[in-house]
Amino acid sequence: MHSKELLWEKGLVEIKKLIPPESYTTWFLPIYPRSFVEDSLIIAVPNEFYKSCLQENYYEVITSILNKLTNKPIHLEFRVESKPPTKPNQKPIIELNTSVNKKQNSIHSASSINGRYNFENFIVGSSNQFAHAAAMAVAGNSTMTYNPLFIYGGVGLGKTHLLHAVGNAILKRDPQSKIRYLSAESFTVDLIESLKRDDMPSFRGRYRPLDVLFVDDIQFLAGKDRTQEEFFYTFNTLYESHRQVVLSSDQYPKDIRNIEARLRSRFESGLIADIETPDLETKVAIIYKKAELHKKTIPQDVAMFLAKNIKTNIRELEGLLLRIIAFASFTHRDITLPLAQEVLKEFVYDKNKNFTIQTIMATVAKYFTIKVADLKSKNRSRGISVPRQIAMYLAREHTKLSLPDIGRQFGGKDHTTVIFAHKKVTKKINEKGDLEKTVKEIVEIIECGKTS
Ligand code: ADP
Ligand code: MG
């Protein structure tokens, strides 16, 4: 039997492995277990906004982890509680730039810039050369030639790393400069809290006097009109007084849906730099660099093996490397190719563990707002057949089901239909059009357990 604290601590360790660090800091640091009675865990959250976001995005992830840890289904409830218990070692999530704070924390922590992500340990390759050069230029120059700097690229490709690197370089050059890094999620939370407390002056006071503002994952503002409006004013104030703004997004400004035109045009008005997926050499160099940071040497065949097996996401590459290092040390073995192969198998299994045929069908159906029954039907209209092909493709790629099994699950289709669907979707993905994006989004929803 777990105590609520122990269970929650163990859960957090797993959650941390699955979600981006910024999301973890935003959503999980401010919440804590209130009670754990029988199979029911109550988590205290600071406000309704947290409650609905956690419920919507993380409920499945959390419960699946807790179920696994306790070996039984856990009933999870988020409860709004305004006063958290005093925990001396836990920092508030929104670091208010008050004078008290300034005295107590070093400038570094007031700015939320993470010293770990700097230019020295950022590997430059053809995929990120341009973004790196742009970031260096912004870091080294106070004439605001590139304002805003807008860095975009896929998940886990180094956007956050570059933002912090710029921040670190600026702080090194001028330790007095007032800079602040935060995710668009945190900006939203801060705004909502300030509105609730009816304290917009201090909200504005936190952003408008800054020399440099970094806002990560700006695509999060999509559809949030009030936040966009406030961000627009914040942006303008800084811009007009020649202060630097650095933004990141997983999409090109034009492709972010549900964002106000005036904001989009601001994003496009400075320098836009993209990060592409890294090539093999860059991935290998990153592996060596990360291993060096952990004071380990990685044999060349292992580095090649990892780089070849993890196609794009560098965060994933790093995660796998860390698992290999940990596994070797637990089992007192050397880091060798067979050991790496063993760990990778487990890693791939882990990644695919949320992909059941039912989850795939339910998620695809929900994504396209059709019914699971449509996927299983004989309906050949495009609105149905494309989602069906995507679902078949995902079943083929992410589950161990055989082709005939997959066919059967889709209302008794022939295995050749599955082969055809798989080929067609693969071809479309390679063409890098809209369908590639759609498939990626669905995979992400399932991987993160955001299905419901
Ligand atoms: P993103 O914000 O684009 O999702 P991150 O910046 O969080 O990605 O990067 C994910 C991980 O990969 C981080 O640990 C980061 O240090 C590492 N990483 C990404 N690109 C590089 C690079 N070029 N050199 C070294 N590490 C990198
Ligand atoms: Mg990031």
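User: Leaving aside neighbours within four places in sequence, which residues is methionine 361 in contact with?
Analyst: Keep in mind that we're looking at a predicted model here. Methionine 361 sits in helix α16, which covers residues 357-367. Setting aside its neighbours within four places in sequence, the residues that methionine 361 touches are Val372, Leu375, Lys376, Gln409 and Phe410.

User: Does methionine 361 count as buried or exposed?
Analyst: Let's check its accessibility. Buried means under 20% relative accessible area. Methionine 361 has 4% relative accessibility, so it counts as buried.

User: How is the chain divided, and what distance separates the centres of domain 3 and domain 4?
Analyst: The chain is split into domain 1 (4-89), domain 2 (105-275), domain 3 (280-343) and domain 4 (357-447). Taking the centres over C-alpha atoms, domain 3 and domain 4 are separated by 32 Å.

User: Which helix gives the largest share of the largest nonpolar core?
Analyst: The largest nonpolar core has 50 residues, and those with the most contacts inside it include Trp27, Phe28 and Leu54. Its largest share is eight residues, and they come from helix α3 (residues 48-70).

User: Which domains does this core draw at least three residues from?
Analyst: Ile62 and Ile218 are both on the list of residues with the most contacts inside this core. The core takes at least three residues from each of two domains, namely domain 1 (4-89) and domain 2 (105-275).

User: What does leucine 54 touch, not counting residues up to four places away in sequence?
Analyst: Leucine 54 is one of the residues with the most contacts inside the largest core. Without those sequence neighbours, leucine 54 is in touch with Trp27, Phe28, Ile31, Val45, Tyr59 and Phe78.

User: How many residues are in the other core, the one that lies apart?
Analyst: Ile370, Met392, Ala395 and Ile429 are among its members. This other core, apart from the one with leucine 54, has 28 residues.

User: Are α8 and α9 roughly parallel or roughly antiparallel?
Analyst: Helix α8 (residues 184-196) packs against helix α9 (residues 200-207) at about 150°, and their axes are 8 Å apart. Angles over 145 degrees count as roughly antiparallel. That's why α8 and α9 are roughly antiparallel.

User: How do the residues of the contact of α8 with α9 divide into nonpolar, polar and charged?
Analyst: On the α8 side we have Phe187, Asp190, Leu191, Ser194 and Leu195, while α9 brings Met200, Phe203, Arg206 and Tyr207. Sorted by type, the residues of this contact are six nonpolar, one polar and two charged.

User: Where is the cis peptide bond that involves proline 148, and what is its omega?
Analyst: Most peptide bonds are trans. Proline 148 lies in the loop between α6 (129-139) and β4 (149-153). The cis bond joins asparagine 147 and proline 148, and omega is about -5°.

User: What is phi of serine 112?
Analyst: Most residues other than glycine have a negative phi. Serine 112, in the loop between α5 (107-111) and α6, is not a glycine, yet its phi is positive, near 65°.

User: Is asparagine 258 buried or exposed?
Analyst: Asparagine 258 sits in the loop between β7 (244-249) and α11 (261-268). Exposed means over 50% relative accessible area. With 57% relative accessibility, asparagine 258 counts as exposed.

User: How far apart in space are threonine 297 and isoleucine 325, C-alpha to C-alpha?
Analyst: Threonine 297 is in the loop between α12 (280-293) and α13 (300-309). Along the sequence, threonine 297 and isoleucine 325 are 28 residues apart. In space, C-alpha to C-alpha, the two are separated by 9.7 Å.

Notes:
Residues numbered from 1 in each chain as written. Chains lettered and ligands numbered in written order. Predicted model: local features only at pLDDT ≥ 70, side-chain atom pairs only at ≥ 80, totals over all residues. Heavy atoms only, no water. Core = buried A, V, L, I, M, F, W, Y, C linked by side-chain atoms within 4.5 Å. Buried < 20%, exposed > 50% of the residue type's maximum accessible area, 1.4 Å probe, protein only. Helix = DSSP H or I, 4+ residues; strand = E, 2+ residues; numbered from the N terminus. Domains from an automatic or database assignment. Contact = heavy atoms within 4.5 Å. Axes fitted to C-alpha atoms, helices over the stretch in contact; angles between N-to-C directions. Parallel < 35°, antiparallel > 145°, perpendicular 65-115°, else oblique. Nonpolar A, V, L, I, M, F, W, Y, C, P; charged D, E, K, R; others polar.
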